[in-house]
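I set out to record what a single structure shows when it is looked up feature by feature. The entries below follow the order in which I went through it.

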Amino acid sequence: GTIDDMLLRAIEAHNQGRLQEAVDIYSKIIEAVPKEQKTILAVITKHRGMAYFAMNKLDQALNDFETSIQADPKSFRTYYYKGIVYAIQKKYKEAVDCYSKSLSLNEFQAHANFRRAIAYYELQEYEKAMNDLDVALKLGLNPDECKGLQEKLVKHFGMGM
């Protein structure tokens with residue numbers, strides 16, 4: 001079928017949790033799309049990366065996110081997803097770098113600030129964690145999501161916030 005048809009099938013499979021099927025179709029699309037169509041390739045490799053991520057194939061996910069970023073360096077979401085993978089791998093410094101890059105492209109991301117706060121906490125950079133948490137809350141992050149990190153930081157600083 002056409003690339004549009006294939007993409008619809010891939011997204012449907014992806015949404016229904018048939019991840020390997022989704023990956024196979026995304027891969028066929030990537031092979032079919034001319035290399036100079038960077039925008040399309042960026043989107044498809046990002047989607048395939050998310051499918052790999054859902055399958056817990058973190059190295060493949062990272063590779064796809066990196067390929068996607070090379071095709072579209074302005075995609076703040078792809079940097080954010082890449083940061084999440086690094087955080088799961090406990091590579092917090094790399095995670096911070098990805099979240100920071102994402103935020104430099106779009107500063108209005110509560111979750112990117114929140115996840116960077118967690119990474120900073122793991123790196124024992126408590127002031128920075130606190131600042132990011134404040135920003136995340138100002139940007140409308142659900143305070144319930146922050147409670148765990150907030151309590152840890154309060155304990156660390158030994159004072160109320």
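**Entry 1: Overall architecture**

I began with the order of elements, which reads α-α-α-α-α-α-α-α-α from the N terminus on. I note at the outset that this is a predicted model. The count of secondary structure gives nine helices and zero strands.

I then looked up the overall extent. The C-alpha trace spans about 60 × 30 × 25 Å along its principal axes. For the accessible surface I noted about 9100 Å², with 51% of that area belonging to carbon and sulfur atoms. Of the 161 residues in the protein, 41% are buried.

I also checked how far along the chain the contacts reach. Among contacts with a separation of 6 or more, 43% join residues 24 or more positions apart.

**Entry 2: Helices α6 and α7**

I next examined helix α6, residues 92–105, against helix α7, residues 110–122. At what angle do α6 and α7 pack? I recorded about 155 degrees, with the axes 9 Å apart. That angle makes the two helices roughly antiparallel, since the term applies to angles over 145 degrees. The crossing of α6 and α7 is left-handed.

I listed the residues that make this contact. From α6 they are Y92, A95, V96, Y99, S100 and L103. From α7 they are A112, N113, R115, R116, A119, Y120 and E122. Sorted by class, the contact of α6 with α7 has eight nonpolar, two polar and three charged residues.

**Entry 3: S102 in helix α6**

I stayed with α6 and looked up S102, which has its place in that helix. Is S102 buried or exposed? Its relative accessibility is 0%, so S102 counts as buried, the cut-off being under 20%. Setting aside neighbours within four places in sequence, I found S102 in contact with F76, R77, Y79, Y80 and Q109.

**Entry 4: Helices α3 and α5**

I turned to a second helix pair, α3 (residues 38–54) and α5 (residues 76–88). Their axes come within 11 Å and cross at roughly 25 degrees. I therefore entered α3 and α5 as roughly parallel to each other, the term being used for angles under 35 degrees. The crossing in which α3 passes α5 is left-handed.

Which residues make the contact between α3 and α5? On the α3 side I noted K46, M50 and F53. On the α5 side I noted T78, Y81, I84, V85 and I88. By class, six residues of the contact of α3 with α5 are nonpolar, one is polar and one is charged.

**Entry 5: V23 in helix α2**

I looked up V23, which lies in helix α2, residues 19–32. With a relative accessibility of 2%, V23 counts as buried. Apart from neighbours within four places in sequence, V23 is in contact with R48, A51, Y52 and M55. I took the C-alpha separation for one of these partners: V23 and M55 are 10.0 Å apart in space and 32 residues apart in sequence.

**Entry 6: Loop residues with positive phi**

I then went through backbone angles. Most residues other than glycine have a negative phi, so I wrote down two exceptions.

N56 is not a glycine, yet has a positive phi of about 70 degrees. I located N56 in the loop between α3 and α4, the latter helix covering 58–71. N56 has a relative accessible area of 60% and is exposed.

K90 is likewise not a glycine, and has a positive phi of about 65 degrees. I found K90 in the loop between α5 and α6. At 61% relative accessibility, K90 counts as exposed, because the cut-off for that class is over 50%.

**Entry 7: Q124 in the loop after α7**

My last entry concerns Q124, in the loop between α7 and α8, with α8 covering 126–138. Is Q124 buried or exposed? I recorded a relative accessible area of 59%, and Q124 is exposed. How far apart are the C-alpha atoms of Q124 and N15? I noted a separation of 37 Å for these two residues, which are 109 residues apart along the chain.

Terms used
Residues numbered from 1 in each chain as written. Predicted model: local features only at pLDDT ≥ 70, side-chain atom pairs only at ≥ 80, totals over all residues. Heavy atoms only, no water. Axes fitted to C-alpha atoms, helices over the stretch in contact; angles between N-to-C directions. Helix = DSSP H or I, 4+ residues; strand = E, 2+ residues; numbered from the N terminus. Parallel < 35°, antiparallel > 145°, perpendicular 65-115°, else oblique. Left-handed = near helix turned anticlockwise from the far one by under 90°. Contact = heavy atoms within 4.5 Å. Nonpolar A, V, L, I, M, F, W, Y, C, P; charged D, E, K, R; others polar. Buried < 20%, exposed > 50% of the residue type's maximum accessible area, 1.4 Å probe, protein only. Areas by Shrake-Rupley, 256 points an atom, 1.4 Å probe, with all protein chains shown as cover.
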